[in-house]
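Here's a quick look at a two-chain model, with an eye on a couple of backbone oddities and on how the chains meet. Have a look at the structure first, then read on.

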Amino acid sequence: MDESLLEKREGTIDNDNETTTWVEYWLEGELVHRSAHVQLKRAVVSFGETAKF
Amino acid sequence: MTNSFKVDLFNAVHAFNATGIPAHTAATADVFKAALYTAASSLGTTTTSYTGAVTEVSGTGYTAGGVTVTFGTAPANTTTTSYLTPSASITYTNVTLSTSFDAMLLYNNTNSGKNAVAVFTFTAQTVTAGTFSLTMPTNDATTGLLRIA
């Protein structure tokens with residue numbers, strides 16, 4: 001494949017929940033590759049409580 | 001509540017009642033897996049198990065049930081918070097997932113009920129002959145993936 005024919009598109013999503021990057025490769029108007037990588041920011045937290053007496 | 005008890009919860013040290021005790025030995029760590037779900041699914045705090053969750057993604061290179069999650073670091077505790085984070089990114093390689101997905105269910109694959117642990121959501125994605133990965137936050141009391149405070 002002549003890689004010069006590929007059009008590369010990239011993007012980033014950054015919010016309170018995640019930082020995501022994605023990359024696409026298009027060949028003559030057709031999507032031939034798309035990968036995405038998500039960096040999780042928001043963890044799961046459980047709060048344990050005990051009664052006072 | 002003691003700090004050590006919070007760590008014990010991660011390791012299933014205590015069994016207060018016979019109901020629901022998993023049929024495995026405490027000397028063996030369970031296997032946890034991560035499955036992906038379409039944007040049409042409605043996973044959340046009421047999700048109880050992998051088997052009860054809909055709708056899992058499907059596509060080339062993706063095996064139903066998802067991939068194994070590596071917990072190479074033992075649960076730890078700092079001040080009042082216990083925490084645990086997978087020790088490696090969760091990666092789905094060489095997959096094509098054409099239906100957009102926006103959730104990952106972490107569940108216990110050893111337990112016969114495939115009990116749910118947590119649901120993580122993100123902006124809806126698709127993958128075409130590529131890789132989808134979830135990178136873990138720093139494993140500490142502030143950003144660890146699973147925390148009991």
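Let's start with chain B in this predicted model. K114(B) sits in the loop between β5 (90-108) and β6 (116-135) of chain B. Its phi is near 45 degrees, a positive value in a residue that isn't glycine. That's worth a glance, since most residues other than glycine have a negative phi.

Chain A has a case of its own. Phi of E28(A) is near 50 degrees, again positive without being a glycine. This residue belongs to the loop between β2 (18-27) and β3 (30-40) of chain A.

Here are the two side by side:

| Residue | Phi | Loop |
|---|---|---|
| E28(A) | near 50 degrees | between β2 (18-27) and β3 (30-40) of chain A |
| K114(B) | near 45 degrees | between β5 (90-108) and β6 (116-135) of chain B |

Are these residues buried or exposed? E28(A) counts as exposed because just 8 other C-beta atoms lie within 10 Å, and the cut-off for exposed is 12 or fewer. K114(B) has 19 C-beta neighbours inside 10 Å, so it is partly exposed: buried would take 20 or more.

Now for the place where the chains meet. How many residues of each chain are in contact? On chain A there are 23, and they touch 26 residues of chain B. β2, β3 and β4 (44-46) of chain A each supply at least two residues of chain A's side. β3(A) gives the most, with 10 residues. Sorted by class, that side of chain A has 11 nonpolar, nine polar and three charged residues.

Technical notes
Residues numbered from 1 in each chain as written. Chains lettered and ligands numbered in written order. Predicted model: local features only at pLDDT ≥ 70, side-chain atom pairs only at ≥ 80, totals over all residues. Helix = DSSP H or I, 4+ residues; strand = E, 2+ residues; numbered from the N terminus. Contact = placed C-beta atoms within 7 Å. Nonpolar A, V, L, I, M, F, W, Y, C, P; charged D, E, K, R; others polar.
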